[in-house]
Amino acid sequence: MSISSKEMAKIAYHALSDKKAENIQIIDISGISVLADYFVIADGTNQNQIEAMRDAVEEALYKAGVQVKQVEGNRSSSWLLMDYGEIIVHVFSKEDRLFYDLERIWGDGKFMDPADLEQ
């Protein structure tokens with residue numbers, strides 16, 4: 001089964017939202033980068049929540065038939081990067097998210113409202 005990158009971003013968004021992720025951003029970078037079509041960025045309040053967010057995304061995308069290609073960071077990291085090819089999911093601690101400021105770096109991308117994923 002093959003699903004679109006937009007559907008993958010939608011699944012990741014809902015998995016993060018179900019785990020009470022904060023400040024979830026979806027950035028369409030397809031027009032400015034060959035890395036991926038979408039970045040999904042979120043932060044958590046503590047290490048346990050960050051781990052739960054990672055597990056939820058992995059499980060939801062796995063159930064949709066999508067395998068993670070690479071994960072950067074480990075269970076004690078305050079920034080996890082999950083590479084699914086067409087989408088890249090970033091899960092941060094609040095402090096690391098402010099420090100790395102991916103929204104500024106990728107500001108040329110199209111910031112999407114979650115409702116845009118439903119269309």
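W79 sits in between the extremes of solvent exposure in this predicted model: with a relative accessible area of 25%, W79 comes out as partly exposed. F92, on the other hand, is buried, at a relative accessible area of just 1%. The cut-off for buried is under 20%, so W79 at 25% does not qualify, while F92 does.

These two residues also meet as rings. W79 and F92 make a stacked aromatic pair, with 4.7 Å from centre to centre and 20° between the planes. Stacking requires planes under 30 degrees apart, so the 20° here fits the label. The pair ties together distant parts of the chain, as W79 belongs to strand β4 and F92 to strand β5, 13 residues apart. A second pair brings F99 and Y100 together, this time edge-to-face, with the centres 5.0 Å apart and the planes at 90°. F99 counts as exposed at 63% relative accessibility, whereas Y100 is partly exposed at 32%. Searching the whole structure turns up 5 aromatic pairs, and ring pairs join W79, F92, F99 and Y100 into a cluster.

Now for the sheet that holds β4 and β5. It is an open sheet of 6 strands, with mixed pairing and the order β3-β4-β5-β2-β1-β6. At the edges are β3 (70-72) and β6 (110-112), each of which pairs on one side only. From one strand to the next, the twist averages 20°. Strands β1 (residues 22-28) and β2 (residues 38-44) run antiparallel and are joined by 5 bridges. Within that pairing, I27 faces F39 of β2.

Helix α2 (residues 47-63) packs on the sheet, where it touches β2, β3, β4 (79-83) and β5 (87-93). The direction of α2 makes about 165° with that of β5. An angle over 145 degrees counts as roughly antiparallel, so α2 and β5 fall into that class.

Helix α2 has a helical partner too. Helix α1 (residues 5-18) packs with α2 at an angle of about 140°, and the two axes are 8 Å apart. That angle makes α1 oblique to α2, because roughly antiparallel would take an angle over 145 degrees. The crossing of α1 past α2 is right-handed. On the α1 side, the contact is made by M8, I11, A12, A15 and L16; α2 contributes M53, A56, V57, A60 and L61.

Methods
Residues are numbered from 1 along each chain as its sequence is written. This is a predicted model: local features need pLDDT of at least 70, side-chain atom pairs count only at pLDDT 80 or more; totals for chains, interfaces and linings use all residues. Side-chain values use heavy atoms; hydrogens and water are left out. Two strands pair if DSSP finds at least two bridges between them. Helices (H or I, at least four residues) and strands (E, at least two) are DSSP runs, numbered from the N terminus. Axes are lines fitted to C-alpha atoms, for helices over the stretch in contact, and angles run from 0 to 180 degrees between N-to-C directions. Contact means heavy atoms within 4.5 Å. Rings of Phe, Tyr and Trp (its six-membered ring) pair if their centres lie within 6.5 Å; planes under 30 degrees apart count as stacked, over 60 as edge-to-face and the rest as tilted. Buried means under 20% relative accessible area, exposed over 50%, partly exposed in between (1.4 Å probe, protein chains only). Angles under 35 degrees count as roughly parallel, over 145 as roughly antiparallel, 65 to 115 as roughly perpendicular and the rest as oblique. A crossing is left-handed if the near helix is turned anticlockwise from the far one by less than a right angle, and right-handed if clockwise.
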